[in-house]
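Me: I'd like to learn how to read a fold from the whole chain down to a single side chain. Can you walk me through it?

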Amino acid sequence: MNKVKVMTVFGTRPEAIKMAPLALELAKRPEFEAVCCVTAQHREMLDSVLDIFGLRPDYDLNVMEPRQTLSTITSKCLNGMDGVLEAAKPDLVLVHGDTSTTFAGALAAFYHKIPVGHVEAGLRTYDKWSPFPEEVNRKLVGAIADLHFCPTVSNRNNLAQENITNGVFLTGNTVIDALQTTVVKDFHFSDVNLNRLDYINQKVILVTCHRRENYGQPMTNIMTALRRVADTFPETELVYPVHLSPVVQEAAHKYLDNHPRIHLIAPLSVDEMHNLMARCHMVMTDSGGLQEEAPALGKPVLVLRRETERPEAVAAGTVRLAGVEEETIFQMAAQLLSNREEYDKMAHAANPYGDGRACCRIADAVAWHFGLRETPPEEFKG
């Protein structure tokens, strides 16, 4: 049997978390020759994920540079992919989500007339400026891709509205697959302060805030609201792994320093983040991935954004959109901290994002597309 050479391309930590399980699934199947290329759009944070999953890239573009811009990232990825695709000659390139690496990888494959598969396809806010630049990146990749792997029915419906109906598969989200590897019962954190926290008697709130569209006044509002939460509820401990962005670092330390129950820590590895999430009381975040991961662990999520491309989580009741205004954020957090019924309603809602078999479905879809199996993959019943 002729093997199909499938190349996975990713470059950021969130992409790596969601693509590593898929790369490993492809590698263990005899019908595929699995090749992995990383751009290292995020260097250190990417490497920690690769180590946790035991994944060794075949190609590494190492594009990260200080104060990099969207233009430099995209151009360096596009130029670097030229040589990789010439050397590897894959039958299919798989990209993930909506980063600059995703767009550049898909565009490079298109220029080389290589089919593209889009993992986590169909997410939309219908506002090209939010999230920026992700909303436009994923729409452009959707126009290029031949195969579209949608986590949810609403993602598939979004593509149908854009007349994309061929090569569309409903798979669930690969991040749920990742959690099966990373979350363990007796996990020991590298940060001694995380091991000392009382996760039973205190309400530990996991916080992340880093998105570009929240720079400026929105981030100020968010930080002020977080401090109010800590001041008002003495039973809370806020843990904030602060993104390496200088803008985020400056804002976090300006508004949240010198509080005994606010812990500003270095970014966590994926296994530490997942295990902290499994032990925390709730999550306040502007991250996309955490909106999917936390519900799988039974944790309510307040989204610190004006909109979300994951409306199915809002509909399911696992996520609430808190926006970027200080008072609204504070009041929504206060409700979950003081009203057990409201908290339980979110904590016990069904996760709409997956059952841990998304990677298997994607691999089956690729095999079916290339005629290596007789039946299409089963659909995720979200």
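**From globule to side chain**

Reply: Let's begin with overall dimensions. This is a predicted model. For 382 residues, a compact globule would have a radius of gyration near 21 Å, and the chain has 20 Å, which agrees. The C-alpha trace spans about 65 × 45 × 40 Å along its principal axes.

Me: How many helices and strands does the chain have?

Reply: There are 16 helices and 13 strands. As for burial, 59% of the 382 residues count as buried. Among contacts with a separation of 6 or more, 68% are between residues 24 or more positions apart.

Me: What should I look at when I pick out one strand?

Reply: Check burial on each face, then the neighbours. In S1 (residues 4-10), 7 of the 7 residues are buried, so this strand is largely enclosed by the rest of the structure. Val4, Val6, Thr8 and Phe10 point one way, while Lys5, Met7 and Val9 point the other way, and all are buried.

Me: Which strands does S1 pair with, and in what sense?

Reply: S1 runs parallel to S2 (residues 32-38), joined by 7 bridges. One of the positions to find is lysine 5, whose bridge partner in S2 is glutamate 33. Between the two strands the chain passes through H1, making a right-handed β-α-β crossover. S1 also pairs with S4 (residues 92-96), again in the parallel sense, over 3 bridges. There, threonine 8 stands opposite leucine 94.

Me: What about the nonpolar cores?

Reply: In soluble globular proteins, nonpolar side chains tend to be buried together. Here the largest nonpolar core has 58 residues, and Phe10 and Phe149 touch the most other members. Helix H1 (residues 13-27) supplies the largest share of this core, 7 residues. Apart from it lies another core of 33 residues, including Cys209, Met282, Met284 and Ala322.

Me: What does phenylalanine 10 touch beyond four places away in sequence?

Reply: Its contacts include Ala16 and Met19, Cys36 and Val38, and Leu46, Leu50 and Leu55. Thr101 is on the list too.

Me: Now a single polar residue. Is serine 130 buried or exposed?

Reply: Start from the relative accessible area: serine 130 has 9%, and buried means under 20%, so this residue is buried. Serine 130 is in the loop between strand S5 (116-119) and helix H5 (134-144).

Me: Which side chain does the side chain of serine 130 make a polar contact with?

Reply: That of glutamate 307, at 2.3 Å. Leaving out residues up to four places away in sequence, serine 130 touches Thr125, Glu135, Glu213 and Glu307.

Notes. Residues are numbered from 1 along each chain as its sequence is written. This is a predicted model: local features need pLDDT of at least 70, side-chain atom pairs count only at pLDDT 80 or more; totals for chains, interfaces and linings use all residues. Side-chain values use heavy atoms; hydrogens and water are left out. Helices (H or I, at least four residues) and strands (E, at least two) are DSSP runs, numbered from the N terminus. Buried means under 20% relative accessible area, exposed over 50%, partly exposed in between (1.4 Å probe, protein chains only). A polar contact is a pair of N or O atoms within 3.5 Å; within protein, one must be able to donate a hydrogen and the other to accept it, and residues adjacent in sequence count only if both atoms are side-chain atoms. Contact means heavy atoms within 4.5 Å. A nonpolar core is a set of buried Ala, Val, Leu, Ile, Met, Phe, Trp, Tyr and Cys residues joined through side-chain atoms within 4.5 Å. Two strands pair if DSSP finds at least two bridges between them. A crossover is right-handed if, with the strands pointing away from the viewer, the path from the first strand over the helix to the second runs clockwise. The radius of gyration is taken over C-alpha atoms; the globule rule is 2.2 Å times the number of residues to the power 0.38.
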